[in-house]
There are 2 protein chains.
Amino acid sequence: MLDERKAAILRAVVSEYIDTAQPVGSGHVVHEAGLGVSPATVRNEMAVLEREGYLVQPHTSAGRIPTDKGYRFFVDQITAPGTLDPGKRQQVRDFFRAAHGELERMLADTSRLLSNLTNYAAVVVGPPHEAATIRSVQLVGLGPRIALVVAVLSNGVVEKRTLEFKEETGDERLGAATAALNRNLVGRPLGTLGTVLETGDAATDELVRAAMNALRVHDDEPDHVFVGGSSRMARAFDAVDTVREVLGILEEQYVVVSLLRDMLDRGLSVAIGVEHGYQPLSECALIVAPYEVEGERAGSIGVLGPTRMNYPEAMAAVAVVSQRLGKHLSEG
Amino acid sequence: MLDERKAAILRAVVSEYIDTAQPVGSGHVVHEAGLGVSPATVRNEMAVLEREGYLVQPHTSAGRIPTDKGYRFFVDQITAPGTLDPGKRQQVRDFFRAAHGELERMLADTSRLLSNLTNYAAVVVGPPHEAATIRSVQLVGLGPRIALVVAVLSNGVVEKRTLEFKEETGDERLGAATAALNRNLVGRPLGTLGTVLETGDAATDELVRAAMNALRVHDDEPDHVFVGGSSRMARAFDAVDTVREVLGILEEQYVVVSLLRDMLDRGLSVAIGVEHGYQPLSECALIVAPYEVEGERAGSIGVLGPTRMNYPEAMAAVAVVSQRLGKHLSEG
DNA sequence: CGTTAGCACTCGGTACAATCGAGTGCCAGC
DNA sequence: GCTGGCACTCGATTGTACCGAGTGCTAACG
């Protein structure tokens, strides 16, 4: 599409603009990308690049800044996986060496790690509930009319739901229901709970049904998601309203989750501007990657920054972290 | 300390400044607080108030803005609990009527509610772990060398820890350990786990010890805390760096928790500026209140805003929500 | 003696002009 | 096709003037 010189110029403009946040003029380009031509030549090329929609001028007689299309070209040029700088590689290694224990805690820490590496906001989505199989179910009474259904899943996630009863329900009955539930559900994925085996006792059956209903995945229960470093968005934009809006979106976790899922479904790993189709984040870019636990796609991680984000670095960080995270969880 | 007229003038300056964020001049004060005196008189009084440290002038020949001491006087004047406007009262009622199920989920939603009511960031701290007694403990194997300790507490909280073993550990042994743990721990508070009863089987005892160790409350495991509406801080300050810093602090949940705890310990319900002793939040004010479940102090809620926050409204919101939250959790 | 009208003064904010300079587009010549 | 040269554009910066909100002080007033 673009001849090599135009591509080089575009690359120079993008990477310069990522660094400085200032419109880039022809002079800077020749200085930066040492192709042996004069500013005038570069100007001509840049005029073409603007006509084709890769660059814009904020106003006449300023330098150019990349459009979303320009960024897109830039990231498409990046073929090599890109390597993280040594300090950060070490940081990742240290993190996973020290990482211990609690799955949720660990995922939350991972989002912080990724945010520290990139200096943008980071998202880690935990394994989806539906997929994991049930390892154990237990009914625990908390009061005469209230109990907790606790289900332990094979991936280490613990689901719990509160149950309230009309009449008092003793421990024996809870025990009976627990036994029935375990007989039925252990080994099944949470997504497909199937039917209940009758126990013979009507009250116990009722209890079992209630528990299973509570366990069913509700649409409004999003996957576990951990957002780290959202404070870094404060510096990413200079319009306060943009900051406010982006932060607000990061608080709505289900939006974030579905955004990542959508992107992965569509095979996108980098979404620039409106490529993800979600208007309120049109000033952002989003880099995502799935991670795999024991060969199975388990969850995803992502980085959210301004469209003028440091793509090579952020992409490298996402790649490394997703890969290491998967490995770590597989071994665990 | 201050005669009635000075107090009235100070009140007028504070509430006007809260509204407008603009320095308040003598003219506005006479207009606002209709005490029948001239601007000149008010100027004299304001000069005194400035000398005494209640007000400052950002520069000569501007109006005055309150100092932290001024705000402090203002909130100390507020004796009546203050009532929420009807729309918001209704919002609170509706929320607690609809609130259902999951404790954690519910607390997270409560933080959102409080943030919506006040337009500031809100914090909800869940019941402390140590206090609750254990209702049930279970060891669930996730793999040959890995298991989960799951403890259900009387307040509905579920604690879980991952255990890793050197050698393979079968379900029978896990079952034996589970039984031993339940014999020992049910009814005990998580804070004081006490000693283990020997089972006779060395390997099982080892397992029991490991599980109890994992369950012990670690210092770095903060209470559950839910921060809502932190995006609202973006508009609260005009210095980007302040926003950035405050948001960063809100992400460090243990700081937030200990801040609230400190304040309550010292009997403070409103901290203005540096009153809480935490420098990085010196441009903020913090309103906190404990909530009680069945007569026991269970947790706390709070609102974080700029020092020029709407104290009467925020204080009313915190009071109402903490009271309703306690009631709701007691009934549940 | 407290209050007030009057007044000179201060100083941030706005409006306007001048200037600067980074950058452009275009053209003629190499 | 590339480049040096050149006129031009326009945001940013600087300087000046001015306005107005607000002050402190003083002298007069009830």
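This is a short chat about a predicted model with two protein chains and two DNA strands.

Biologist: Hi! Let's start with the DNA. How many residues surround DNA strand D, and which are the closest?
Modeller: Happy to help. DNA strand D is surrounded by 20 residues. The closest are A:Val37, A:Thr60 and A:Ser61, along with B:Gly25 and B:Ser26.

Biologist: Which helices supply at least two residues each there?
Modeller: From chain A, α3 (39-51) does. From chain B, both α2 (26-32) and α3 (39-51) do. The largest share of that surface is four residues, and α3(B) provides it.

Biologist: And what is the surface near DNA strand D like by class?
Modeller: Twelve of its residues are polar, six are nonpolar and two are charged.

Biologist: Now DNA strand C. Which residues are the closest to that one?
Modeller: For DNA strand C, the closest are A:Gly25, A:Ser26, B:Val37, B:Thr41 and B:Ser61, out of 20 residues that surround the strand. Here α2 (26-32) and α3 of chain A, plus α3 of chain B, each give at least two residues. The largest share, four residues, belongs to α3(A).

Biologist: What about the classes near DNA strand C?
Modeller: That surface has six nonpolar, twelve polar and two charged residues.

Biologist: On to the two protein chains. How many residues does each chain put into the contact?
Modeller: Chain A puts in 28 residues and chain B puts in 28 residues. On the chain B side, the elements giving two or more residues are β4 (134-143), β5 (146-153), β6 (158-164), α9 (233-236) and α10 (240-251). The largest share there is six residues, from α10(B). By class, that side of chain B splits into eleven nonpolar, ten polar and seven charged residues.

Biologist: How are the two copies related?
Modeller: Chain B superposes on chain A after a rotation of 180° with 0.1 Å of shift along the axis, at an RMSD of 0.2 Å. The two copies are thus related as by a two-fold rotation axis. In chain B, the C-alpha nearest that axis belongs to B:Ala234, at 3.8 Å. Both copies use the same surface, as 100% of the contact residues of chain B recur in chain A.

Biologist: You mentioned β4. In chain A, is that strand mostly covered or mostly open?
Modeller: Strand β4 of chain A is mostly covered, with eight of its ten residues buried.

Biologist: What does β4(A) pair with?
Modeller: β4(A) runs antiparallel to β5 (residues 146-153) of chain A, joined by eight bridges. For example, A:Val137 has A:Ala151 in β5(A) as its bridge partner. The two strands make a hairpin, with two residues between them.

Biologist: Switching to chain B, what order do the strands of the open sheet take?
Modeller: Five strands line up as β7-β3-β10-β9-β8 of chain B, with antiparallel pairing. The edges are β7 (225-228) and β8 (270-272), which each pair on one side only. From one strand to the next, the twist averages 15°.

Biologist: How many bridges hold β3 and β10 of chain B together?
Modeller: Five bridges, between β3 (residues 121-125) and β10 (residues 296-306). One bridge pair is B:Val124 with B:Ile301 in β10(B).

Biologist: Which helices go with that sheet?
Modeller: Helix α6 (residues 103-118) of chain B packs on the sheet and touches β3, β7 and β10 of chain B, with its direction at about 150° to that of β3(B). Helix α11 (residues 253-265) of chain B lies across β3, β7, β8, β9 (284-293) and β10 of chain B, and runs at about 75° to β9(B).

Methods:
Residues are numbered from 1 along each chain as its sequence is written. Chains are lettered from A and ligands numbered from 1 in the order in which they are written. This is a predicted model: local features need pLDDT of at least 70, side-chain atom pairs count only at pLDDT 80 or more; totals for chains, interfaces and linings use all residues. A residue is near a molecule or strand if its C-beta atom, placed from the backbone, lies within 6 Å of it. Ala, Val, Leu, Ile, Met, Phe, Trp, Tyr, Cys and Pro count as nonpolar, Asp, Glu, Lys and Arg as charged, and the others, Gly among them, as polar. Two residues are in contact if their C-beta atoms, placed from the backbone, lie within 7 Å. Copies are superposed by least squares on the C-alpha atoms of residues with pLDDT of at least 70 in both. A residue is buried if 20 or more other C-beta atoms lie within 10 Å of its own, exposed if 12 or fewer, and partly exposed in between; C-beta atoms are placed from the backbone. Two strands pair if DSSP finds at least two bridges between them. Axes are lines fitted to C-alpha atoms, for helices over the stretch in contact, and angles run from 0 to 180 degrees between N-to-C directions.
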